[in-house]
Amino acid sequence: MNIVVIGIGLIGGSFAKDVKKLYPEVQITGVDKSEAHLDEALELGLIDGKGDYGSLASADLVFVSIPVNALVQELPKILDAAGDETVVVDAGSTKSLICESVDNHPKRRNFMACHPIAGTEFSGPSAAIEGLYDGKTNIICEVEKTAFKLQERALAIFQELNMRIRYMNPEAHDKHIAYVSHLSHISSFMLGKTVIEKEKNERDIFDMAGSGFESTVRLAKSSPDMWTPIFEQNKDNVVETLEEYIQNLIKFKKLIEENDFESVHQEMNNTNRIKQILKGIPLTKK
């Protein structure tokens, strides 16, 4: 099996790592705008060789894991270069604009729009980890537009990776993911900013930071290059979630100002049910 990974960072590198473990005979070619990333991926054994879009025609599967603004630009060119029997899978965190970008492409049947809900705050080939996708959800959009036998090839690999599959339309994906992923990142970035601005002496932050603070701001270490275009592409949904979140913060602040701590307790008690909602979602192994 020949696989091409375009964008050999955390997401693409972790995919390559697990696929190599599952299929020892697989040949993985890396394509990346960063020559340093390709060299590092070769040294780490994530890929077997470097390539370019000329490598796509003979690929069984192309896994595209690049920032979503680049994805919208590059996906039509990737499909142009793909073979008739190649399935192209993306890992973009937005779906509406990406699906629109190839909706009328002559090789739309070769594309499967995916979003594996997996990752860490780290980036680059050295951030790739085994088992990143184990037990995680992979959201697939507009599956009916992908040729059936190409769907089967991609789904077989996802099944071997032990991923849970959910089907959704692109608009519903973008709306829901704004709440469970995009808002979480904004909250983490802004909490980190608030603490940094208040505590100018970073030694104090370091000395007093507990595991709760560390886990809450973990996402603030994520790449701005990756997240800025995500917020831009999903702007309307992100703004809507932010408005609801800000209203909740204002309400909570008002309860504290008014010494209504019975209601403060009740608000937190009601939110504790998130434990049951999240029960069973596997944590990413570091």
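Strand S5 (87-90) and strand S6 (111-116) each supply at least two residues of the lining of the largest cavity. The model shown here is predicted, and this cavity is a convenient place to begin reading it. The structure holds one cavity of 30 Å³ or more, and the space within the largest cavity comes to about 40 Å³. Its lining is formed by Phe15, Phe63, Val89, Asp90, Cys114, Pro116, Tyr133, Asn138, Phe158, Leu161 and Met163. Sorted by class, these lining residues comprise nine nonpolar, one polar and one charged.

Attention may now pass to the helices, beginning with H6 and H10. Helix H6 spans residues 170-198 and helix H10 spans residues 235-257; the two pack at an angle of about 60°, and their axes lie 9 Å apart. An angle below the range of 65 to 115 degrees that counts as roughly perpendicular, yet not under 35 degrees, falls in the oblique class; H6 and H10 are therefore oblique to each other. The crossing of H6 past H10 is right-handed. On the H6 side, the contact is made by Asp174, Lys175, Ala178, Tyr179, His182, Leu183, Ile186 and Ser187, while H10 contributes Asn237, Val238, Glu240, Thr241, Leu242, Glu244 and Tyr245. This contact of H6 with H10 contains seven nonpolar, four polar and four charged residues.

The same two helices also border an open space. H6 and H10 each provide at least two residues of the lining of the second largest pocket, which encloses about 220 Å³ of space. The residues that line this pocket are Ile186, Ser187, Met190, Leu191, Thr194, Leu242, Tyr245, Ile246 and Leu249. H6 gives the most to this lining, with five residues. Ile186 and Ser187 of H6, together with Leu242 and Tyr245 of H10, take part in the helix contact and are also among the residues lining the pocket. By class, the pocket lining has seven nonpolar and two polar residues, with no charged ones, whereas the contact of H6 with H10 includes four charged residues.

A second helix pair completes the account. Helix H3 (residues 68-81) packs against helix H9 (residues 224-233) at an angle of about 75°, with the axes 7 Å apart. That angle makes H3 roughly perpendicular to H9. Val68, Asn69 and Val72 of H3 meet Pro229, Ile230 and Gln233 of H9 in this contact. Of the residues in the contact of H3 with H9, four are nonpolar, two are polar and none is charged.

Definitions and conventions:
Residues are numbered from 1 along each chain as its sequence is written. This is a predicted model: local features need pLDDT of at least 70, side-chain atom pairs count only at pLDDT 80 or more; totals for chains, interfaces and linings use all residues. Side-chain values use heavy atoms; hydrogens and water are left out. Axes are lines fitted to C-alpha atoms, for helices over the stretch in contact, and angles run from 0 to 180 degrees between N-to-C directions. Helices (H or I, at least four residues) and strands (E, at least two) are DSSP runs, numbered from the N terminus. Angles under 35 degrees count as roughly parallel, over 145 as roughly antiparallel, 65 to 115 as roughly perpendicular and the rest as oblique. A crossing is left-handed if the near helix is turned anticlockwise from the far one by less than a right angle, and right-handed if clockwise. Contact means heavy atoms within 4.5 Å. Ala, Val, Leu, Ile, Met, Phe, Trp, Tyr, Cys and Pro count as nonpolar, Asp, Glu, Lys and Arg as charged, and the others, Gly among them, as polar. On a 1 Å grid over the protein atoms alone, a cavity is a set of points where a 1.4 Å probe fits but cannot get out, and a pocket is an open set with protein on both sides within 12 Å along at least five of seven lines; lining residues have an atom within 4 Å of a point. Grid points are joined across faces, edges and corners, and a volume is the space filled by probe spheres set on the points.
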